[in-house]
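Reader: I have this model open on my screen and would love a guided close look at one part of it, the place where two of the helices pack together. Could you walk me through that spot and then show me how it fits with its surroundings?

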Amino acid sequence: MTRSTSPDPRGRAPAVLTAIAVLVHSNVFVSIAAASVAVSTMLLVGYPLRPGPVCIVFAVTMFVYSLNRITDVEEDERNVPQRAAFTRRYGRALLVLSVCAYAVAVAVALARGLPRVEFMALPLVVGALYSLFRVKRLFLVKNLLVGASWGVIPLGVCVYFGGDWTVEVAFLAGYVFVMLAVAAVVFDVKDIDGDQKRGIRTVPTEFGPRATRAVAGVVTVAAAAVVVGLVVVGVLPGRYLVLVAFDAYVLGYTVVATPDRGPLFYGFVADGEHLFLALVLLGVEWL
C-alpha cells in the first residue's frame, strides 16, 4: 500500500509557523513593522505614498536589530533559544546584508539631495548605545530608547518630503514614542527569568507581569482618550481616530502577555501592531 499524497491540512500549520519564525528571527518582520510607521505617517499626515521613506526605514531597522541580535546572542540563549540558534547560523550574513542595505539607503539619500541627510547617522548612534555600550541594562533606558527611535520615524518622513513639523506630525511622533515604550515594557515580560538571573532590572522583574500589564493597559487607554479628546477639540483631524483601533490592538495583546507566551507571540502578534495600523489606514484610504 502506498502512502496517500493528498494534502493533509494538519501538516500546513508547522510550515506556516516556520515561515513566521524565519520572518521574526531574521528581523524582517520587525523591519516591516517599522516601515509600516512610515506608511501610516504618510496616510495620516496627508503625504503621497512613496517607496523612499518605506525602504529607508526598513533598511535602517534591519541594520539596528541585526547588530543587536549578534551582540545579544548569549543573552538570547537563555531567554529566546530558538532565536539564538537562528542568529548563530545566519546572523552574520544578515548583518552584512543589512549594512549593505543601510549604505545603499545613505547613498540614495545623498544622491537625491534629501534635506537633513545627517539624520541618517542616527541609527549608528542608537545601535552603538543599545548594542555595544549596553545602555539597555539601565532601568527603563531600553524602553525609552526604543520608543524614541521609533518616534523619530514620523519626523523623518516629514523631513523626507521637506515639510514642517506641524502639530499633527509632532503628535504622531510623541504617540509612537509612548506606544513603543509601552510595547518594549510588555516585551520584557517574556524575559523575566533570564533577566532576573543576569541581574537586569526591568519593569516586569521589579513589579511582576500583572502590574506591568496593568500599567501598560492604563497608558494605552489614556493614549486613546487623548486622541479622542484632541479630535473633539479640533487639534487633530477625524482620521486620527483610527489610532483608537490601534490602541485596542495593543490592549488586546497586553492583557494576555505572560512569561509562558512563546517568542512568536511577542515577535509576530505584538510586533504586528504597526502593520495592523498601516493596513487599516490603507483599507480606509481605498474605501
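Author: Happy to. In this predicted model, the two helices to look at are H8 and H11, and they are roughly parallel to each other. Their axes cross at roughly 10 degrees, and angles under 35 degrees count as roughly parallel, which is why the pair gets that description. If you want to find them, H8 covers residues 167–187 and H11 covers residues 242–254, with the axes coming within 11 Å.

Now zoom in on the side chains. From H8, the contact is made by Phe171, Tyr175, Met179, Ala183 and Val186. H11 answers with Leu243, Phe246, Asp247, Val250, Tyr253 and Thr254. Sorted by class, this contact has 9 nonpolar residues, 1 polar and 1 charged. As background, nonpolar side chains in soluble globular proteins tend to be buried together.

Leu243 is a good residue to click on next. Leaving aside residues up to four places away in sequence, Leu243 touches Leu44, Phe171, Tyr175, Val227 and Leu277. Two of these names, Phe171 and Tyr175, are on the H8 side of the contact you have just seen.

Step back a little and the core comes into view. The largest nonpolar core has 55 residues, and those touching the most other members are Trp150, Ile153, Tyr175, Tyr240 and Leu243. Tyr175 and Leu243 also take part in the contact of H8 with H11. The elements giving two or more residues to this core are H2, H3 (51–71), H7, H8, H10 (203–232), H11, H12 (263–270) and H13 (273–286). H8 supplies the largest share, 13 residues. Apart from this core lies another, of 14 residues, with Ala59, Leu67, Leu95 and Ala105 among them.

Back on H8, there is a charged link to look at too. Glu168 forms a salt bridge with Arg239, and their closest N and O atoms are 3.3 Å apart. Glu168 lies in H8 while Arg239 lies in the loop between H10 and H11, so the pair ties together parts that are 71 residues apart in sequence. Arg239 counts as partly exposed, at 39% relative accessibility. In general, side chains of opposite charge can pair when their charged atoms come close.

The structure holds 6 salt bridges, and two others are worth a visit. Arg88 pairs with Glu77, with the closest N and O atoms 2.6 Å apart. Here Arg88 lies in H5 (residues 81–111) and Glu77 in H4 (residues 73–79), so the bridge ties together parts that are 11 residues apart in sequence. Arg88 is exposed, with a relative accessible area of 52%, whereas Glu77 is partly exposed at 40%. The other bridge joins Glu206 and Arg201, at 3.5 Å from N to O. Glu206 is partly exposed at 38% relative accessibility, and Arg201 is partly exposed at 44%.

Finally, two loop residues deserve a glance at their backbone. Asn27, in the loop between H1 (12–25) and H2 (28–45), has a positive phi near 75 degrees without being a glycine. Asn27 is buried, with a relative accessible area of 2%. Leu140 sits in the loop between H6 (122–132) and H7 (141–160), and its phi is also positive, at about 70 degrees, although it is not a glycine. Leu140 is partly exposed, with a relative accessible area of 35%.

Definitions and conventions:
Residues numbered from 1 in each chain as written. Predicted model: local features only at pLDDT ≥ 70, side-chain atom pairs only at ≥ 80, totals over all residues. Heavy atoms only, no water. Axes fitted to C-alpha atoms, helices over the stretch in contact; angles between N-to-C directions. Helix = DSSP H or I, 4+ residues; strand = E, 2+ residues; numbered from the N terminus. Parallel < 35°, antiparallel > 145°, perpendicular 65-115°, else oblique. Contact = heavy atoms within 4.5 Å. Nonpolar A, V, L, I, M, F, W, Y, C, P; charged D, E, K, R; others polar. Buried < 20%, exposed > 50% of the residue type's maximum accessible area, 1.4 Å probe, protein only. Core = buried A, V, L, I, M, F, W, Y, C linked by side-chain atoms within 4.5 Å. Salt bridge = Lys/Arg side-chain N within 4 Å of Asp/Glu carboxyl O.
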